Amino acid sequence: MEESKDNMTFKGVAERLTLGITRILENMPGVVDVRFAERDPAEKRCLLSWEQKNTCILPEDLRDFYLTTDGFTLSWSVKLDNERVPIGCMMVNSVSRLCPLLQPVSPFSLPNAPTLADLDWEESGTEGESGCAPAAPHFDPRSRIFELDSCSGNGKVCLVYKNCTPGVVAQNSEMWFLDRSLCWHFLTATFTSYYRLMITHLGLPEWQYAFTPYGPSPQAKQWASLYQPLIFSTELSAVDPAGDSYVNKLDPTKAFRGKTKAPMPKKKQAVQCGSAKNPSSTGRHSGAKR
């Protein structure tokens with residue numbers, strides 16, 4: 001009896017963590033092998049140790065998440081020709097794997113070896129001048145970046161603290177996506193918003209690229225159109241409101257319109273009229289002779 005109660009309570013916690021997405025995935029056509037990894041809550045001392053080590057304060061919603069489960073992993077596959085093809089993956093690293101993206105330079109490295117900090121070539125006064133998008137993080141000590149999801153090698157979702165000062169505890173954080181070309185793209189201001197965004201996109205491949213100017217790959221778009229047609233269509237309209245840049249439009253009225261025939265010359269029309277009158281005249285003459 002106690003084991004059944006524990007199973008029921010765990011199912012209730014898992015249902016709240018996944019926001020009911022497991023049942024939705026299991027009812028989708030072709031979806032198989034929906035797996036949710038069970039993890040124990042993280043200890044408070046581990047969270048405090050992480051904050052002291054990295055001189056950062058975890059956001060309150062992320063702290064509550066880790067106190068519920070130490071990380072999150074939900075995956076699902078699709079059955080194609082009697083084979084299971086892994087498609088979706090939702091992941092949030094555990095506290096122990098919430099590591100800095102910028103590792104300290106090894107003493108054995110070359111003195112003039114290039115680093116990610118070399119990419120911050122623009123001046124600090126030029127950032128955020130547009131006023132529309134938030135300023136991108138830096139690869140130098142001005143930002144503290146921690147990897148939250150490796151995105152299966154397609155990029156990295158990071159917890160970013162900006163405007164940091166050495167020796168001062170950082171408190172304000174944001175969620176950013178770092179693509180394979182090392183360009184930053186803003187996702188959400190809070191972890192809760194990002195978590196709901198991840199659940200909404202079902203962990204589809206390259207769903208983070210929907211927040212980039214170029215979007216996901218054609219193969220990822222095909223999976224999104226199959227299992228997420230509503231959000232996929234709205235994202236296309238948001239990226240390209242006019243719909244002229246990425247979609248080749250076909251106007252059937254112009255493409256399949258028949259060629260207009262050139263008008264007949266007047267001389268030919270006169271000849272046709274004369275030829276039409278000749279039978280009647282010949283008939284009259286023949287009748288008169290008879």
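**Exercise 1. Work out the strand order of the four-strand sheet, and say which strands stand at its edges.**

Solution.
Step 1. In this predicted model, the open sheet of four strands runs β4-β5-β6-β7. Its pairing is antiparallel.
Step 2. Look for strands with a single partner. These are β4 (144-149) and β7 (184-188), so each has one side without a neighbour in the sheet.
Step 3. Add the twist. From one strand to the next it averages 40°.

**Exercise 2. Describe how β4 pairs with β5, and find the residue opposite Ile-145.**

Solution.
Step 1. Locate the partner: β5 covers residues 156-161.
Step 2. Count the bridges. There are five between β4 and β5, in the antiparallel sense.
Step 3. Find the facing residue. Val-160 in β5 stands opposite Ile-145.
Background: strands of a sheet pair through backbone hydrogen bonds, in either a parallel or an antiparallel way.

**Exercise 3. Do the same for the three-strand sheet: give the order, the edges and the twist.**

Solution.
Step 1. The order is β1-β2-β3 in an open sheet, and the pairing is antiparallel.
Step 2. β1 (31-36) and β3 (83-92) are the edge strands. Each has a single partner strand, so one side of each lacks a neighbour in the sheet.
Step 3. Here the twist averages 15° from one strand to the next.
Step 4. Zoom in on β1 and β2 (residues 72-80). They pair over four bridges, in the antiparallel sense. Arg-35 stands opposite Ser-75 in β2.

**Exercise 4. Identify which strands of this sheet the helices α5 and α6 touch, and give the angles.**

Solution.
Step 1. Take α5, residues 191-200. This helix packs on the sheet and touches β2 and β3. Its direction makes about 170° with that of β3.
Step 2. Take α6, residues 218-227. This helix also packs on the sheet, touching β1, β2 and β3. Its direction makes about 90° with that of β2.

**Exercise 5. Place Pro-41 in the chain, then decide whether it is buried, partly exposed or exposed.**

Solution.
Step 1. Pro-41 lies in the loop between β1 and α3 (44-54).
Step 2. Recall the cut-offs: buried is under 20% relative accessible area, and exposed is over 50%. Pro-41 has 47% relative accessibility, so it counts as partly exposed.
Step 3. List its contacts, leaving out residues up to four places away in sequence. Pro-41 touches Tyr-66, Leu-67, Thr-68, Thr-69 and Asp-70.
Step 4. Check one distance. Ser-94 is 53 residues from Pro-41 along the chain, and their C-alpha atoms are separated by 9.9 Å.

How values were computed. Residues are numbered from 1 along each chain as its sequence is written. This is a predicted model: local features need pLDDT of at least 70, side-chain atom pairs count only at pLDDT 80 or more; totals for chains, interfaces and linings use all residues. Side-chain values use heavy atoms; hydrogens and water are left out. Two strands pair if DSSP finds at least two bridges between them. Helices (H or I, at least four residues) and strands (E, at least two) are DSSP runs, numbered from the N terminus. Axes are lines fitted to C-alpha atoms, for helices over the stretch in contact, and angles run from 0 to 180 degrees between N-to-C directions. Contact means heavy atoms within 4.5 Å. Buried means under 20% relative accessible area, exposed over 50%, partly exposed in between (1.4 Å probe, protein chains only).
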